[in-house]
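Thanks for making the time this morning; I would like to walk you through one structure. Please have the sequence and the coordinates open while I talk.

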Amino acid sequence: MTSPTTYGGRPLTPAPGVPTPELRVARFRPHARRLFWSALLVIAAAGAVGYFYGNLPAPFEDWMLLTAAAAAVLLLAVLPWATWWAHTYTITTRRVIERSGLFGTQRTELPHMRGYTIQVRRGPLQRLWGAGTLILSNGVDAPMRLRNVPSVELVHEVLVDQVEVNQILAHRDAQPATVPTAQM
């Protein structure tokens, strides 16, 4: 008996009783639209420094301008970008993992095998950008909220597929193994 061929890039189904390796299906960050104002601030700070450098009124000096611009860019552009960069969502063949935190990392996991409901919420701006919020709830633990997920419909379909495949594999592996008897 041979394994079925794969369609659409899906991995082959493992034989019954064989442990399946955990593969990464997707890794993504929240939608980057929240960095719009930070980018606009960097452009405005560069323009203001270019315009006012060497052209300041008497009580102010150029180093004050550079210090103020650097502080504004650091606090209002670099820090939000680093916070956004440190927040990731990972979908594997076994679980969903959310990692966040700049200095102290917080990690939340939800296994597919337990099963969970998936709720999609999209506001008007999220619809405009193709993003949304996914709420994963297994009924026991606190719901996992994946906020501002880009391509939310695609991620929703991937999660539905992973839950279905994991439950099928768990059901199949729970069945007693049948050994074919040789007939004479």
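I will go through a sheet, the helix on it, two buried residues and some salt bridges.

Before that, a caution: this is a predicted model, in which local features need pLDDT of at least 70 and side-chain atom pairs count only at pLDDT 80 or more, while totals for chains, interfaces and linings use all residues. Residues are numbered from 1 along each chain as its sequence is written, and side-chain values use heavy atoms, with hydrogens and water left out.

Let me begin with the sheet. Three strands form an open, antiparallel sheet in the order S5-S6-S7, where strands are DSSP runs of E with at least two residues, helices are runs of H or I with at least four, and both are numbered from the N terminus; two strands pair if DSSP finds at least two bridges between them. S5 and S7 are the edge strands, each pairing on one side only, and the twist averages 25 degrees from one strand to the next. Between S5 and S6 there are five bridges, and one of the partnerships sets Ile-118 against Leu-136 in S6.

H4 packs on this sheet, touching S5, S6 and S7, and its direction makes about 25 degrees with that of S6; the axes are lines fitted to C-alpha atoms, for helices over the stretch in contact, and angles run from 0 to 180 degrees between N-to-C directions. The helix covers residues 152–174, which is 23 residues, and reaches 33 Å from first to last C-alpha, close to the 33 Å expected, the expected span being 1.5 Å times one less than the number of residues. Its buried residues, among them His-156, Leu-159, Gln-162 and Asn-166, are those under 20% relative accessible area, whereas exposed means over 50% and partly exposed lies in between, with a 1.4 Å probe and protein chains only. They pack against strands including S1 (24–28) and S2 (88–92), as well as S5, S6 and S7.

Which residues of H4 does His-112 contact? Leaving aside neighbours within four places in sequence, His-112 is in contact (heavy atoms within 4.5 Å) with Leu-159, Gln-162, Val-163 and Asn-166, and also with others including Ile-91 and Val-96. His-112 lies in the loop between S4 and S5 and is buried, at 0% relative accessible area.

Thr-133, in strand S6, is buried too, at 14%. Its side chain makes a polar contact of 3.3 Å with that of Gln-126; that term means a pair of N or O atoms within 3.5 Å where, within protein, one must be able to donate a hydrogen and the other to accept it, and residues adjacent in sequence count only if both atoms are side-chain atoms.

Finally, the structure holds five salt bridges, each a side-chain nitrogen of Lys or Arg within 4 Å of a carboxyl oxygen of Asp or Glu. Arg-114 and Asp-141 meet at 3.3 Å, N to O; because Arg-114 lies in the loop between S4 and S5 and Asp-141 in the loop between S6 and S7, the pair ties together parts that are 27 residues apart in sequence. Glu-153 forms another with Arg-122, at 3.6 Å, linking helix H4 to the loop between S5 and helix H3 across 31 residues. Salt bridges that share partners join Glu-22, Arg-95, Arg-107 and Glu-109 into one network, within which Arg-107 and Glu-109 come to 2.7 Å.
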